[in-house]
Amino acid sequence: MERIPFVSFKTIELELGEELKEAYERVFEKSWYVLGDEDKSFEMEFANYCDANFAVGCGNGLDALMLSLRALGIGEGDEVIVPANTFIATALAVTYVGARPVFVDADINSYNIDVTKIEAVLSERTKAIIPVHLYGRPADMDAINRIAKDNNLRIIEDCAQAHGARYKGRSVGTFGDAAGFSFYPGKNLGALGDGGAVVTNDAALASRIRVLSNYGSEKKYNHIYCGNNSRLDEMQAAFLRVKLPHLDRMNNERKRIAQRYLSEIKNDKIVLPQCEDGFDSVWHIFAIRSFYRKELVQYLNEKQIDTNRHYPIPIHLQKAYIDLGYTKGDFPVAEEIAETEISLPMYYGLKDDEISRIIYAINQF
């Protein structure tokens, strides 16, 4: 029996291989590898895809968040609200600008930030909220926007897992001041290496981010900020331009796979993810939960089915953030998710018979 991998790029490589090779040749022949026409074209195309005015390419998703915070003037002495249940990059972006991440527990049904708990942790030092559209499911942006407006807070959306997701018909990444995207290879829109982008409707903010990402330089050898070196290189931009026109089609296939999981997995030891009307997920991760996680993972491994865990140690319990003073029990929902979450195979190219095998195996557990 052939093993079902947690993720595979084979189908995409087969379908788009020739176009990707042509993109490589196009860049190679120009001998221009940074800040060229491919990057400019991709930025326009991606901004248009996101229904936004501007996109600024950068080195990765973490830098996209960090540059957004820097451009908004957030730094030493400031606090930024972040979900307790997310990848550590969300918090690291806050740390990198000298601010303090303040965690808020997750909602057990959505896995996203629990909007009912945000206002309790606001202080006079709070300057921004970073909602994460985790696993490709939009956060509750109506509630977050209301809280931000009432408290004069900035919003930087973490869209690293949510390319193409929509909240009440509107593209994620367009609700706040700025949004950070990652193009890590495993993302719904993935490069063949690292990459990221900031999306915004604010022309001045886009300009500031662009300068900050290029050593603080508006013009060569003229530096107006102590900036960073974080550019989306031409080769990755060219590869992303090949993939972008296919993103909706590939996201729709993820939705089809998710619908099969949701409708056909029937086991009372399994908690399936929830996605209400208006929260149009692109299912970057299909996360189930089980209080028998260890046994289920071992069982699926024996059935030649790979799984993953997102994220087994919450950020507030990571050694890197021990100085913040959080302890076990501070965010019980995030901790429960960390202890029970299992990610099932979810990628473009997963075959119907493989989906059936996964569903059958889980139902037999």
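**Questions about a surface patch, helix H3 and a pocket**

In this predicted model, Tyr24, Phe28, Tyr33, Val34 and Leu35 make up a nonpolar surface patch, and together they have about 430 Å² of accessible area.

Me: Phe28 belongs to that patch, so what makes Phe28 "partly exposed" rather than buried or exposed?

Reply: Good place to start! Phe28, found in helix H1 (residues 10-30), has a relative accessible area of 44%. Buried means under 20% and exposed means over 50%, so Phe28, at 44%, is partly exposed.

Me: And why is Phe28 allowed in a patch?

Reply: Patch residues need over 30% relative accessible area. Phe28 has 44%, so that cut-off is passed.

Me: How do you know that helix H3 is mostly covered?

Reply: Of the 11 residues in H3 (residues 61-71), 10 are buried. They are Gly61, Leu62, Asp63, Ala64, Leu65, Met66, Leu67, Ser68, Leu69 and Ala71. Buried means under 20% relative accessible area, so each of these residues falls below that value.

Me: What makes the Asn60 and Leu62 pair at the start of H3 a polar contact?

Reply: A side-chain oxygen of Asn60 comes to within 3.2 Å of the backbone nitrogen of Leu62. The limit for such a pair is 3.5 Å, so the distance fits. Beyond the other end, H3 is followed by Gly73, with a positive phi near 80°.

Me: What does H3 supply to the largest pocket?

Reply: Three residues, the largest share of the lining. Helix H4 (89-96) also supplies at least two. The pocket holds about 620 Å³ of space, and among its 29 lining residues, Gln161, Tyr184, Lys187, His284 and Tyr311 lie nearest the centre.

Conventions:
Residues numbered from 1 in each chain as written. Predicted model: local features only at pLDDT ≥ 70, side-chain atom pairs only at ≥ 80, totals over all residues. Heavy atoms only, no water. Patch = residues over 30% accessible without salt bridge, like charges linked within 9 Å, V, L, I, M, F, W, Y side chains within 5 Å. Areas by Shrake-Rupley, 256 points an atom, 1.4 Å probe, with all protein chains shown as cover. Salt bridge = Lys/Arg side-chain N within 4 Å of Asp/Glu carboxyl O. Helix = DSSP H or I, 4+ residues; strand = E, 2+ residues; numbered from the N terminus. Buried < 20%, exposed > 50% of the residue type's maximum accessible area, 1.4 Å probe, protein only. Polar contact = N/O pair within 3.5 Å; in protein donor to acceptor, adjacent residues only side chain to side chain. 1 Å grid on protein atoms, 1.4 Å probe; cavity = no way out; pocket = protein on both sides within 12 Å on 5 of 7 lines; lining within 4 Å. Points joined across faces, edges and corners; volume = space filled by probe spheres on them.
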